[in-house]
Amino acid sequence: MSDRYVLISSDSHAGLPAAGYREYVESRYHEAFDAAQAEAEAMREAAENDGHRKFLREWNAEIGQHGGMKGAWDPDVRTKEMDHDGIAAEVIFPDADAAGVGGVAKTPFTAGLGSTGSDDAELTMAGAWAHNRWMSEFCRNSPERRAGVAIVPVHDPGAAVTMIEWAAGHGLRGGIMIPTAWGTLPSYNDPVYDPVWAAAAATGLPVHTHSGVGPTFFCIDPATTEIYTVEAYWWAARPLWALVLGGVFERHPQLKYVLAENGAWWAPDIISRMDSKWDGDHATRKFGPAAFRSGLTMRPSEYVDRNCWYAASVMFDTEVGRRHAIGVDNLMWGSDYPHPEGSWPNSRSWLAKRFGRVPADEVRRILGLTAAQVYGIDVDALAPHVERVGPSVEEIHGKADS
């Protein structure tokens, strides 16, 4: 085995500057696109404050030597930054500039990370198609290193199946991303979505939900930002127990589900609680013995172990310390490129700090080998990149005491 780690980011982002998406949106939606972009720019300006402007100056100074935000849409700049951070391959989500840090647009018509089942169905689908068309083109550059994720709204399950099959045929092997919050739609335990899960399982594309969504009143009121940051994990984690307890993995045993950029520190406690209900703990007696086993032939933790993974992004000491309780084979690292809360452009030092004292065989799985299995990434095809830029065992573990 090479003395270098196969580093695969299970959570990275890409997207175009605001005007760039227009050519990927069907012409009949151009007027709506222009109006939405004008509204988004007005909201961005209204949200400006001294603290944010100070942050922007500092952030732009830090990434200026790395081409700024150009790597969000320029594959040549992006490849250079992947090499800089030692990353051999990446799974690519939308919304490279979700926090307004570099002039890159959010996906048209709120189809990206902020999408919910309450959004306009037609416009959300139009925005998703626009991004997916562009992402398919973007991933043609160094396809062995790029696994693009298709946005798939689920307002219309039949239309979602069509989009899943299109994604599978157009190189978006990173899987699909459905809205994290179902809003006014049925929750994800509802059998109405079974055609969606069946199509994802048949194509081998992992289904993702990604953190970012919260209650609307929290997202628009700056006074509640601190509350949102504490509760955000819960909203992003909610689909996990809807899918597990709703019997989705019982009905679709080949389905892969990945919960992205939401940490994993919370997972052991939630899963233990689900298991205790399935086992029939004291608090469940009044509901009857079958209440928590309907449609489930295994304990909830067994479905999680078999079907679920955490793209825990720039995981902190809590995840690393709890990795065995979480599941070493269910945990995947990501750089969150190019978000400022991610590890870029300092991923190498982040990795040494977090994983310096973790056994190398576990580090290999968390940093890349598990992601290669989940996403069907050819490790042999990555070998030249790994040997050229991958962090060495000594680089990660030799700095454990620094």
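Buried means under 20% relative accessible area, exposed means over 50%, and partly exposed lies in between, with a 1.4 Å probe and protein chains only. The model is predicted: local features need pLDDT of at least 70, side-chain atom pairs count only at pLDDT 80 or more, and totals for chains, interfaces and linings use all residues. Residues are numbered from 1 along each chain as its sequence is written, and side-chain values use heavy atoms, without hydrogens and water.

**Exercise 1. Determine which faces of strand E2 are covered.**

Solution.
Step 1. Locate the element: E2 comprises residues 89-93, where strands (E, at least two residues) and helices (H or I, at least four) are DSSP runs numbered from the N terminus.
Step 2. Count the burial: five of the five residues of E2 are buried.
Step 3. Assign the faces. In a regular strand, side chains alternate between the two faces of the sheet. Ala-89, Val-91 and Phe-93 lie on one side, Glu-90 and Ile-92 on the other, and all are buried. Both faces of E2 are therefore covered, given the cut-off of under 20%.

**Exercise 2. Identify the strands that pair with E2 and the bridge partners of Ile-92.**

Solution.
Step 1. Apply the criterion: two strands pair if DSSP finds at least two bridges between them.
Step 2. Strand E1 (residues 8-13) runs parallel to E2, with four bridges; here Ser-12 is partnered by Ile-92 of E2.
Step 3. Strand E3 (residues 146-151) is also parallel to E2, through three bridges; in E3, Gly-148 is the bridge partner of Ile-92.

**Exercise 3. State whether Gly-214 is buried or exposed, and place it in the chain.**

Solution.
Step 1. Gly-214 belongs to the loop that links strand E5 (207-210) with helix H7 (216-220).
Step 2. The relative accessible area of Gly-214 is 13%, so this residue is buried.
Step 3. From Lys-106, Gly-214 is separated by 108 residues in sequence and by 17 Å in space, C-alpha to C-alpha.

**Exercise 4. Compare the radius of gyration of the protein with that of a compact globule.**

Solution.
Step 1. Take the radius over C-alpha atoms, and the globule rule as 2.2 Å times the number of residues to the power 0.38.
Step 2. For 402 residues the rule gives a value near 21 Å; the protein has 21 Å, which agrees.
Step 3. Add the dimensions: the C-alpha trace spans about 60 × 55 × 45 Å along its principal axes.
Step 4. Add the burial: 54% of the 402 residues are buried.
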